[in-house]
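I opened the notebook to look up how the metals are held in this structure, and I set down each thing in turn.

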Amino acid sequence: MRIDLHAHSNISDGTEAPAAVMAAAAAAGLDVIALTDHDSTDGWAEAARGAVENGVALVPGMEISCRTDQGISVHLLSYLHDPTHEGLLEEITKAKDARLTRAERMVTLLAEDYPLSWDDVIHHVTPGATLGRPHIADALVAAGVVADRSEAFTSILTSHSRYFVQHYAPEPALAVELVRAAGGVPVFAHPVASARGRVVGERTYREMIEAGLAGLEVDHRDNPEEGREFLRRLAAKHGLLMTGSSDYHGTGKPNRLGEYLTAPEVFARIEELGTGTPVIR
Ligand code: AMP
Ligand code: FE
Ligand code: FE
Ligand code: ZN
């Protein structure tokens, strides 16, 4: 069984519609794929239809942007939660709304130095999608300022850039608690991805584990090997699940579907633990 538990559609910052992601998953020889758009479950229904049509199993999921009290960014994957759970829905709605204001502020700053308007950005966003820096990057590519998203993220759009603006994001332990309350399975995404920014220390792991963290995404291209070894030890010590996934974004990132996989036993455990929504087969 080939299982990839991390992929994005154009409901957030992937470049393909949810059904197209399911078709791509089948073409990549996957048996199981999770759709984990940022702060949104709006792609689940279309993905479910696409999964059935293409003969792949769909794990409905989401990736929640969080921030610690020290300002460190944490991404939390949620699998099989109830998408109507009020507490969780409230947090992601708050974050999604804040992302809109934040993107507007970033574009205002960028427009002082680059040929960029709000309309240029909106042009690259599916109506209702979760807005992020990748959409601003797309507009900068279209304007000829950078060659691709990756270049935008190593220059103009880094979190150290003068154009960077933060948005509201829940603390990681709160997000873990809410995912559990919604019957979901919380997995810490690419925990040691140091190239993206500062990574969390022992206290944040402890708080997330105490709140009910179920697993760590160990095998991910952004986790350096030393970090993976640290994660394996942490998982063994605390009885956490270990996953591996691609973090596919269509043409928005070099990550390819199935480049990292999750073991069938781990997937079986996730399916047992997730009580908010079923796997679609
Ligand atoms: P935001 O949540 O709006 O701050 O933007 C962060 C998002 O940008 C993440 O979800 C990543 O998927 C995406 N991202 C980060 N680094 C890169 C990169 N080098 N190339 C393309 N997308 C990236
Ligand atoms: Fe993303
Ligand atoms: Fe992420
Ligand atoms: Zn992701």
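Before anything else I fixed the term buried, which means under 20% relative accessible area, with exposed over 50% and partly exposed in between, for a 1.4 Å probe and protein chains only. I noted that this is a predicted model, where local features need pLDDT of at least 70, side-chain atom pairs count only at pLDDT 80 or more, and totals for chains, interfaces and linings use all residues. Residues are numbered from 1 along each chain as its sequence is written, chains are lettered from A and ligands numbered from 1 in the order in which they are written, and side-chain values use heavy atoms, with hydrogens and water left out.

I counted as donors N, O and S atoms within 2.8 Å of the metal (3.2 Å for Na, K and Ca), and since water is not among the atoms, sites may look incomplete.

For the iron ion (ligand 2) I found the protein donors D13 (OD), H38 (NE2) and H249 (NE2), at 2.1 to 2.2 Å. D13 sits in the loop between β1 (3-4) and α1 (18-27) and H249 in the loop between β7 (241-244) and α10 (264-273), so this pair ties together parts 236 residues apart in sequence. Helices (H or I, at least four residues) and strands (E, at least two) are DSSP runs, numbered from the N terminus. H249 is buried at 2% relative accessibility, and D13 is buried too, at 8%.

For the iron ion (ligand 3) I wrote down E63 (OE), H75 (ND1) and H190 (NE2), at 2.0 to 2.2 Å. E63 in strand β3 (residues 57-67) and H190 in the loop between β5 (185-188) and α8 (202-211) are 127 residues apart, and both are buried.

Lastly, I noted that the iron ion (ligand 2) and the iron ion (ligand 3) are 5.5 Å apart.
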